[in-house]
Amino acid sequence: MRLRSSFVLAAGLVLAAPLAAQAASPIDVGVGVSATRENETTVVATAAWMPEWRRTAHGVLRWELGAIYVRARDNTRFDLDEDVGVVHGGARYERDNGFTAGFGVGAQIGQTDALSGNPQFVSTIGWRWQRFSLLARHISNASIKQPNDGETMLVAAWRFR
């Protein structure tokens, strides 16, 4: 099951890149690492469509419609052995100097001790250099459902236009 879902996500990300080149709005595609309680790490992949909402004096406010894939972890003492996907929507502010911050709300597919129930809140902070971004992200359900470990990740993303 994990191999199949990983393949589907990877194929979707690969197919999204050329399509993004034709789109008027940018698409960010990223990979990184996520950690939860006791630093159990795993690979994550992200994709987000980010149309411009409005220009400000020093940056751009964008809508963000995206998906995050968190790969399962084996051999941990916590229940982290299921792949989880989070589909989310929100906003991201990108300053002209590169600073980036965003927030969104999403729904998850799959369940672990780290991501245990809907809704999931996705917060982002980072820096962008032209097409490349380095982002710190956190996904959590804000203790609406327990356990509420969340996932904290570092993601490197590339923007396609």
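A residue is called buried under 20% relative accessible area, exposed over 50%, and partly exposed in between (1.4 Å probe, protein chains only). The model treated here is predicted, so local features need pLDDT of at least 70 and side-chain atom pairs count only at pLDDT 80 or more, while totals for chains, interfaces and linings use all residues. Residues are numbered from 1 along each chain as its sequence is written, and side-chain values use heavy atoms, with hydrogens and water left out.

**Exercise 1. Fold elements and burial**

State how many helices and strands the chain has, and what share of its residues is buried.

Solution. Helices (H or I, at least four residues) and strands (E, at least two) are taken as DSSP runs and numbered from the N terminus. On that basis the chain has one helix and nine strands, in the order α-β-β-β-β-β-β-β-β-β from the N terminus. Of the 161 residues, 42% are buried.

**Exercise 2. A salt bridge between β1 and β5**

Determine whether the partners Asp28 and Arg92 are buried or exposed, and where they lie in the chain.

Solution. A salt bridge requires a side-chain nitrogen of Lys or Arg within 4 Å of a carboxyl oxygen of Asp or Glu. Asp28 and Arg92 meet this criterion, with their closest N and O atoms 3.4 Å apart. The pair links distant parts of the chain, since Asp28 belongs to strand β1 (residues 27-35) and Arg92 to strand β5, 64 residues apart. Asp28 is buried, at 5% relative accessible area. Arg92 is likewise buried, at 2%.

**Exercise 3. A salt bridge from strand β9**

Identify which parts of the chain the pair Glu151 and Arg73 ties together.

Solution. The closest N and O atoms of Glu151 and Arg73 are 2.7 Å apart, and the two form a salt bridge. Glu151 lies in strand β9 and Arg73 in the loop between β4 and β5, so the pair ties together parts 78 residues apart in sequence. Glu151 counts as buried at 1% relative accessibility, and Arg73 counts as buried at 6%. Elsewhere, salt bridges that share partners join Asp28, Arg62, Glu64, Arg92, Glu94, Arg128, Arg137 and Arg159 into one network. A search of the whole structure finds nine salt bridges.

**Exercise 4. The largest cavity**

Give the volume of the largest cavity and describe its lining by element and class.

Solution. A cavity is a set of points on a 1 Å grid over the protein atoms alone where a 1.4 Å probe fits but cannot get out; lining residues have an atom within 4 Å of a point. Grid points are joined across faces, edges and corners, and a volume is the space filled by probe spheres set on the points. The structure holds two cavities of 30 Å³ or more, and the largest has a volume of about 60 Å³. Its lining includes Asp28, His88, Arg92 and Arg137. β2 (41-49), β4 (59-70), β5 (84-95) and β8 (132-140) each supply at least two lining residues, and β2 gives the largest share, three residues. For the classes, Ala, Val, Leu, Ile, Met, Phe, Trp, Tyr, Cys and Pro count as nonpolar, Asp, Glu, Lys and Arg as charged, and the others, Gly among them, as polar. The lining then divides into six nonpolar, two polar and three charged residues.

**Exercise 5. Neighbours in strand β9**

Classify Leu154 and Val155 as buried, partly exposed or exposed.

Solution. Leu154 is placed in strand β9, and its relative accessible area of 45% makes it partly exposed. Val155 is also in strand β9, but counts as buried at 1% relative accessibility. The C-alpha atoms of Val155 and Val44 are 7.8 Å apart in space, although the residues are 111 apart in sequence.

How values were computed:
1 Å grid on protein atoms, 1.4 Å probe; cavity = no way out; pocket = protein on both sides within 12 Å on 5 of 7 lines; lining within 4 Å.
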